[in-house]
Number of protein chains: 2
Amino acid sequence: MRVVLATKNKHKLLEFKNIFKESLEILSLLDIGFNEEIEETGTTFIENSLIKCKKIYESVKMPVLADDSGLCVESLNYEPGVLSARFGGKNLTDKERYELLLTKLDRNRKHNASFVCALSLYINPNRIYVIQEEVKGEITFEPKGTNGFGYDPIFYLPELNKTMAELSAEEKNRISHRAKASYILNKILQFGI
Amino acid sequence: MRVVLATKNKHKLLEFKNIFKESLEILSLLDIGFNEEIEETGTTFIENSLIKCKKIYESVKMPVLADDSGLCVESLNYEPGVLSARFGGKNLTDKERYELLLTKLDRNRKHNASFVCALSLYINPNRIYVIQEEVKGEITFEPKGTNGFGYDPIFYLPELNKTMAELSAEEKNRISHRAKASYILNKILQFGI
């Protein structure tokens with residue numbers, strides 16, 4: 001199946017092309033000349049991924065793949081959630097953003113957190129698959145690692161004794177929230193729909 | 001995995017128990033003593049299936065399986081859609097409801113239609129799978145068949161030369177919108193999540 005991935009980010013495009021190389025032919029928004037800004041007005045990851053799919057589908061009338069991801073911290077009532085990328089304002093650097101988040105947390109206790117990813121394949125308005133998965137971890141007050149992006153340096157994975165930003169691309173592609181969701185969607189496509 | 005199915009309907013419970021017999025242990029709302037009415041305020045099948053899941057999950061804190069289904073008629077701008085079960089008012093019989101629908105349609109043309117089913121498995125707020133599938137057909141002005149329910153007698157399947165209400169339970173469980181969505185969800189569960 002030929003699909004458009006709702007991203008202008010080349011790294012994300014390559015990552016998805018690699019994951020779905022056996023099951024999907026993936027184009028980017030640049031490939032199809034889609035330039036509109038899409039407002040992510042949803043209150044959940046699933047809503048936001050579907051808002052992107054619908055908007056693009058209505059314009060190009062071909063299947064769309066879109067994800068929406070974020071960090072949910074238990075002691076912050078699962079925030080920043082859908083606001084993760086905008087937390088503290090759009091113009092912050094990743095470092096400023098996660099440092100701001102740390103100031104909201106009591107340093108004397110443990111903070112369970114999850115990275116969550118909703119991945120939607122919108123074949124047409126009636127045929128839609130949504131897979132939302134998570135990876136569990138803890139917030140560390142000692143940021144570490146230079147791989148990845150966003151909150152990765154403060155997301156600590158106890159089982160690996162590493163932050164998400166210390167994982168290699170290969171490791172991250174095996175255990176991350178986006179990897180888990182992609183794996184399941186890929187399985188659906190491989191056994192045929 | 002042990003899940004609650006968002007239904008009080010015994011036939012639906014048996015149907016789902018049969019489909020998922022290898023992958024899920026299914027309880028009904030009656031089994032767990034859940035009696036609240038859930039308002040289906042969503043504008044899409046997916047939203048409504050997730051509203052049911054969330055409400056029940058928050059009460060019982062165990063995985064929930066919920067579906068929302070309906071009929072979408074192309075020439076009616078894909079209505080009645082999420083309002084299918086309430087079209088014309090809650091107190092109509094199935095026959096009164098589909099007869100009312102027929103009065104809205106021009107008898108001199110063909111009306112493409114789809115039965116759509118969104119099936120959601122809500123394991124927890126971060127792990128959610130939604131599969132929405134359809135079966136395509138046409139509206140017939142000559143209702144036929146006594147199996148099934150709802151709009152089945154006016155939903156004609158050209159390939160089978162039968163209405164949905166003329167199918168045996170076995171046939172319907174092979175080709176219906178709910179069967180397709182269930183089949184995919186079951187595959188996900190069978191290869192392990």
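**View 1. The surface and dimensions of chain A in the predicted model.** Chain A exposes about 9,700 Å², and carbon and sulfur atoms supply 47% of this area. Its C-alpha atoms fill a box of roughly 50 × 30 × 25 Å along the principal axes. Of the 193 residues in chain A, 51% are buried.

**View 2. The fold of chain A.** Chain A has 6 helices and 8 strands. Starting at the N terminus, the order of elements is β-α-β-α-α-β-β-α-β-β-β-β-α-α. The radius of gyration of chain A is 17 Å, close to the 16 Å that the globule rule gives for 193 residues, so the chain is as compact as a globular protein of that length. Among contacts in chain A with a separation of 6 or more, 57% join residues 24 or more positions apart.

**View 3. The two copies and their axis.** A turn of 180 degrees with a shift of 0.0 Å along the axis lays chain A on chain B with an RMSD of 0.0 Å. The two copies are thus related as by a two-fold rotation axis. In chain A, the C-alpha of V130(A) is nearest the axis, 2.5 Å from it. The copies meet through the same surface, because 100% of the interface residues of chain A are also interface residues in chain B.

**View 4. Nonpolar cores.** The largest nonpolar core has 44 residues, and I56(A) and I56(B) have the most contacts inside it. Elements giving two or more residues to this core include α3 (45–60) and β3 (64–73) of chain A and β5 (112–124) and β6 (127–139) of chain B. Apart from this core lies another, of 38 residues, among them L185(A), I188(A), L121(B) and Y129(B).

**View 5. Surroundings of I56(A).** Leaving aside neighbours within four places in sequence, I56(A) is in contact with residues including V4(A), L29(A), F34(A) and K61(A).

Terms used: Residues numbered from 1 in each chain as written. Chains lettered and ligands numbered in written order. Predicted model: local features only at pLDDT ≥ 70, side-chain atom pairs only at ≥ 80, totals over all residues. Heavy atoms only, no water. Least-squares fit on C-alpha atoms with pLDDT ≥ 70 in both. Contact = heavy atoms within 4.5 Å. Core = buried A, V, L, I, M, F, W, Y, C linked by side-chain atoms within 4.5 Å. Buried < 20%, exposed > 50% of the residue type's maximum accessible area, 1.4 Å probe, protein only. Helix = DSSP H or I, 4+ residues; strand = E, 2+ residues; numbered from the N terminus. Rg over C-alpha atoms; globule rule 2.2 N^0.38 Å. Areas by Shrake-Rupley, 256 points an atom, 1.4 Å probe, with all protein chains shown as cover.
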